[in-house]
Amino acid sequence: MWFNRLRHRFSPRRIRLGHNGIQPLSSGESGALVCLVGRELCLFLEVNAEKVPAKQRPAFVATSVRRNAPFPDPDFGLSWEGGHASIWYWSRSRAQGLLGNVPSRVKYFPEALFIDRAHDDHVQLLALEAGIEGRVWRQGRLIASRWWPDVPEQSTWFSFLRGAGHVVDATAGVPMAEHAMIAPEQWNASNVNQKLLLPELGPYLPRLILAFGLVVTVVLGWQIGSIIRAQIDSWRAKPPAQDLCNTL
């Protein structure tokens with residue numbers, strides 16, 4: 001289908017960036033790159049911005065990340081649920097160092113936004129490409145997330161749950177880790193820019209508009225030309241027809 005070819009033409013390349021380097025995910029033909037920062041490179045933070053005006057929330061979140069980050073150059077990605085932000089953040093220089101040759105057009109997103117889906121009230125242990133992620137959901141909000149290189153011991157798991165305010169069932173033990181794949185789209189509906197049918201179309205939009213305008217101009221010109229030619233032929237045919245009528 002022409003639409004699929006067009007979508008592939010303007011889609012970026014996607015990679016996963018982790019401790020072990022770069023893992024290709026999918027490849028478009030545009031010069032842009034989408035880099036999913038591995039969960040092992042990220043820290044997690046939940047921010048309550050309910051009392052902050054909507055326009056000031058991005059700055060409020062950025063300030064909160066800078067205050068909590070143990071490095072001076074944090075980048076982050078997030079998911080909003082009401083006035084609460086679930087945030088994964090990482091060191092920009094570390095990510096760029098692992099990436100190596102940084103393209104001119106690259107966007108970074110946390111891998112966690114492409115893993116599994118949102119839940120109402122749930123506790124999870126997810127087996128990722130690298131390591132294990134624990135998640136605690138409450139009323140549709142991700143309130144706690146932590147990464148371990150291997151399945152945590154029971155005491156560590158219980159400590160994580162208690163830190164999230166979750167009631168611990170001592171008889172339950174550590175749950176079985178669910179295998180989680182990287183999805184093509186984000187699970188958080190707030191970041192709709194990841195669900196565009198033609199990703200990375202922005203840089204090409206002026207050219208596409210110009211091309212569309214030229215096509216429209218050519219089509220209209222051809223139609224108008226056809227109408228004019230038909231009218232001219234009609235005018236040319238009138239005198240002979242009139243002479244024929246007079247002769248008869």
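Leaving aside residues up to four places away in sequence, His84 touches Glu46, Val47, Asn48, Glu50, Ser79 and Arg141, and this set of neighbours is a convenient point of entry into what is a predicted model. His84 has its place in strand β6, which covers residues 84-91. With a relative accessible area of 10%, His84 counts as buried, because the limit for that class is under 20%. One of the neighbours named above, Glu46, is joined to His84 by a polar contact between the two side chains, at 3.3 Å. A further relation across the sequence is that of His84 and Ile143, which are 59 residues apart along the chain while their C-alpha atoms are separated by 8.9 Å.

From this single residue one can step back to the chain, which has five helices and eleven strands. Of its 248 residues, 40% are buried. Among the contacts between residues at least 6 apart in sequence, 50% join residues that are at least 24 apart.

Several of these strands can be followed as one sheet. Four strands form an open sheet in the order β2-β1-β3-β7, and the pairing within it is mixed. The edges of this sheet are taken by β2 and β7, each of which has a single partner strand, so one side of each is left without a neighbour in the sheet. On average, and with direction ignored, neighbouring strands of this sheet are turned by 30 degrees against each other.

The pairings can be taken strand by strand, beginning with β1 and β2. These two strands run antiparallel and are joined by five bridges, and they form a hairpin with two residues between them. Within this pairing, Arg14 stands opposite Ser26 in β2. Towards β3, β1 is again joined by five bridges, but here the strands run parallel, and the bridge partner of Arg14 in β3 is Val34. Val34 in turn stands opposite Lys107 in β7, where β3 and β7 pair in the parallel sense over five bridges. As for its surroundings, β1 is mostly covered, with five of its six residues buried. Helix α3 lies across β1, β2, β3 and β7, and runs at about 110 degrees to β1.

The same region leads to the nonpolar interior. In soluble globular proteins, nonpolar side chains tend to be buried together. The largest nonpolar core here has 27 residues, and those with the most contacts inside it are Trp88 and Tyr108. At least two residues of this core are supplied by each of β1 (13-18), β3 (33-37), β6, α3 (92-99) and β7 (106-110). The largest share, five residues, comes from β3. Tyr108, when its neighbours within four places in sequence are left aside, is in contact with Cys35, Val37, Trp90, Ala95, Gln96, Leu99 and Val102. Apart from this core lies another, of twelve residues, among them Leu125, Trp157, Leu161 and Ala164.

Aromatic rings offer another way through the fold, since the structure holds eight aromatic pairs. In one of them, the rings of Phe71 and Tyr89 have their centres 6.1 Å apart and their planes at 55 degrees, so the pair is tilted. This pair links distant parts of the chain, with Phe71 in the loop between α2 (57-68) and β5 (74-81) and Tyr89 in strand β6, 18 residues apart. Phe71 and Tyr89 are both buried.

A second pair, that of Trp137 and Trp187, is edge-to-face, with 5.4 Å from centre to centre and 70 degrees between the planes. Trp137 lies in strand β9 (residues 132-138), whereas Trp187 lies in the loop between β11 (178-179) and α5 (205-247), so the pair ties together parts that are 50 residues apart in sequence. Trp137 is buried, with a relative accessible area of 4%, and Trp187 is buried as well, with a relative accessible area of 14%. Ring pairs also link these two tryptophans with Phe44 and Trp88 into a cluster. Trp88 thus brings the path back to the largest nonpolar core, where Trp88 and Tyr108 are the residues with the most contacts.

Definitions and conventions
Residues numbered from 1 in each chain as written. Predicted model: local features only at pLDDT ≥ 70, side-chain atom pairs only at ≥ 80, totals over all residues. Heavy atoms only, no water. Buried < 20%, exposed > 50% of the residue type's maximum accessible area, 1.4 Å probe, protein only. Contact = heavy atoms within 4.5 Å. Polar contact = N/O pair within 3.5 Å; in protein donor to acceptor, adjacent residues only side chain to side chain. Core = buried A, V, L, I, M, F, W, Y, C linked by side-chain atoms within 4.5 Å. Pairing = 2+ DSSP bridges. Axes fitted to C-alpha atoms, helices over the stretch in contact; angles between N-to-C directions. Phe/Tyr/Trp six-rings, centres within 6.5 Å; stacked < 30°, edge-to-face > 60°.
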